[in-house]
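Welcome, and thanks for taking a look at this one. Here is a short briefing on the ligand shell, the core and the overall fold.

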Amino acid sequence: MAQTILVTGATGTVGSELVKALANRGLVVRAGVHSLIKGERLKQLNPEVQLVEIEYARPESLHVALTGTDRVFMITPFSEDQVAIGKRIIDAAKQAGVQQVVKLSAAGAEAEPGIQLGRWHREMEQYLEQSGLPYTLLRPGSFMQNFLTYNGEAIRTEGKLYLPLGEAKVNYIDARDIAATAAAILSSPVAEHQGKAYFLSGPAAVGGTDVAAALSQATGRSVSYVDVPEQAAAQAMAQAPAWLRDSLLELNHISKNGHAAGLSPVVEQLTGCPARSIEQFAKDYRQQFQAAPAT
Ligand SMILES: NC(=O)c1ccc[n+]([C@@H]2O[C@H](COP(=O)([O-])OP(=O)(O)OC[C@H]3O[C@@H](n4cnc5c(N)ncnc54)[C@H](OP(=O)(O)O)[C@@H]3O)[C@@H](O)[C@H]2O)c1
């Protein structure tokens with residue numbers, strides 16, 4: 001009988017691409033969605049996709065979602081209680097007797113002492129390693145899609161890409177390549193990737209000026225990089241919750257100092273296709289970076 005694969009966080013950046021990638025391979029996909037209404041979009045992509053409602057604060061919803069599930073792709077949200085959520089998902093997966101958990105982690109999670117974002121992921125990784133469940137860890141660098149999520153409005157309305165990164169180069173990865181790599185793992189025999197941790201990156205480390213140039217080229221309008229001093233970035237986030245502000249500022253700080261520039265060949269090795277470049281990303285998403293026409 002065909003195996004059923006549960007994707008948590010299925011309406012998010014990586015989850016929605018993974019649901020698509022798995023369904024395109026003809027696999028049985030169960031999309032774990034926070035809200036069934038948001039999940040409808042996934043069903044429109046492919047009517048074979050099953051939808052199941054998950055609220056991480058309600059472990060019983062995880063038990064329902066995991067019943068009859070063979071493999072799980074586990075995405076935890078960027079929230080203050082992400083470690084507790086991750087442990088809850090692992091506990092529920094163990095109770096349901098799943099055959100494999102693939103966890104979306106983050107580049108540098110293994111570093112010691114590392115940064116807070118990595119330590120949260122490492123705590124979840126270790127919990128998974130000790131659970132006795134077969135597992136695989138994916139540790140991607142920063143997503144190219146962040147330029148839409150966090151910078152999209154300023155790019156569209158001002159033609160500016162504000163980042164506190166100086167001249168640093170960063171190994172951004174397209175979330176579609178994370179999804180393609182995850183799909184390759186989830187459709188291979190579990191033993192092939194059991195206990196492995198894969199660092200994932202795009203094909204090149206690029207700076208703010210390179211990203212702005214790619215966006216300018218793709219949209220046909222001028223987008224310029226603005227190097228924001230770290231102190232100004234901290235001020236701009238003054239009202240944000242401390243856990244969020246401090247963890248992002250810390251990530252930007254190490255990136256500015258050149259610690260997010262390493263590259264990995266794993267996307268191409270596991271998918272057979274080269275990882276997408278920033279130019280390809282900008283081209284594929286150009287409409288979403290276009291300024292809304294004046295009314
Ligand atoms: N962004 C990066 O550059 C980057 C780099 C490396 C690693 N990561 C890691 O990637 C993960 C995030 O992945 P992503 O960006 O694909 O996620 P995302 O787009 O932020 O989506 C999060 C998903 O989780 C769902 N969700 C949130 N709270 C929930 C709850 N209480 N119960 C059930 N579902 C809930 C959301 O549904 P709703 O929207 O309906 O609430 C959404 O589908 C994090 O662990 C982050 O550390 C990110």
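In what follows, a residue is near a molecule if its C-beta atom, placed from the backbone, lies within 6 Å of it. Please keep in mind that this is a predicted model. With that cut-off, 24 residues surround the ligand.

**Around the ligand**
- The closest residues to the ligand are G9, G12, T13, V14 and H34.
- Helix α1, which spans residues 13-24, gives the most to the shell around the ligand, contributing three residues.
- Sorted by class, this shell holds twelve nonpolar, ten polar and two charged residues.

**The nonpolar core**
- The largest nonpolar core has 81 residues, and the members that touch the most others are L18, V19, F73, A182 and L215.
- Helix α8 (residues 175-186) gives the most to this core, with eight residues.
- For a closer view of L18, set aside its neighbours within four places in sequence: L18 is then in contact with V7, F73, A179, A182 and A183.

**Overall fold**
- You will find 15 helices and nine strands in the protein.
- The radius of gyration is 19 Å, which agrees with the value near 19 Å that a compact globule of 295 residues would have.
- Taken along the principal axes, the C-alpha atoms fill a box of roughly 55 × 45 × 35 Å.
- Of the 295 residues, 42% count as buried.
- Among contacts between residues at least 6 apart in sequence, 75% join residues at least 24 apart.

Technical notes
Residues are numbered from 1 along each chain as its sequence is written. This is a predicted model: local features need pLDDT of at least 70, side-chain atom pairs count only at pLDDT 80 or more; totals for chains, interfaces and linings use all residues. Helices (H or I, at least four residues) and strands (E, at least two) are DSSP runs, numbered from the N terminus. Ala, Val, Leu, Ile, Met, Phe, Trp, Tyr, Cys and Pro count as nonpolar, Asp, Glu, Lys and Arg as charged, and the others, Gly among them, as polar. A nonpolar core is a set of buried Ala, Val, Leu, Ile, Met, Phe, Trp, Tyr and Cys residues joined through C-beta atoms within 7 Å. A residue is buried if 20 or more other C-beta atoms lie within 10 Å of its own, exposed if 12 or fewer, and partly exposed in between; C-beta atoms are placed from the backbone. Two residues are in contact if their C-beta atoms, placed from the backbone, lie within 7 Å. The radius of gyration is taken over C-alpha atoms; the globule rule is 2.2 Å times the number of residues to the power 0.38.
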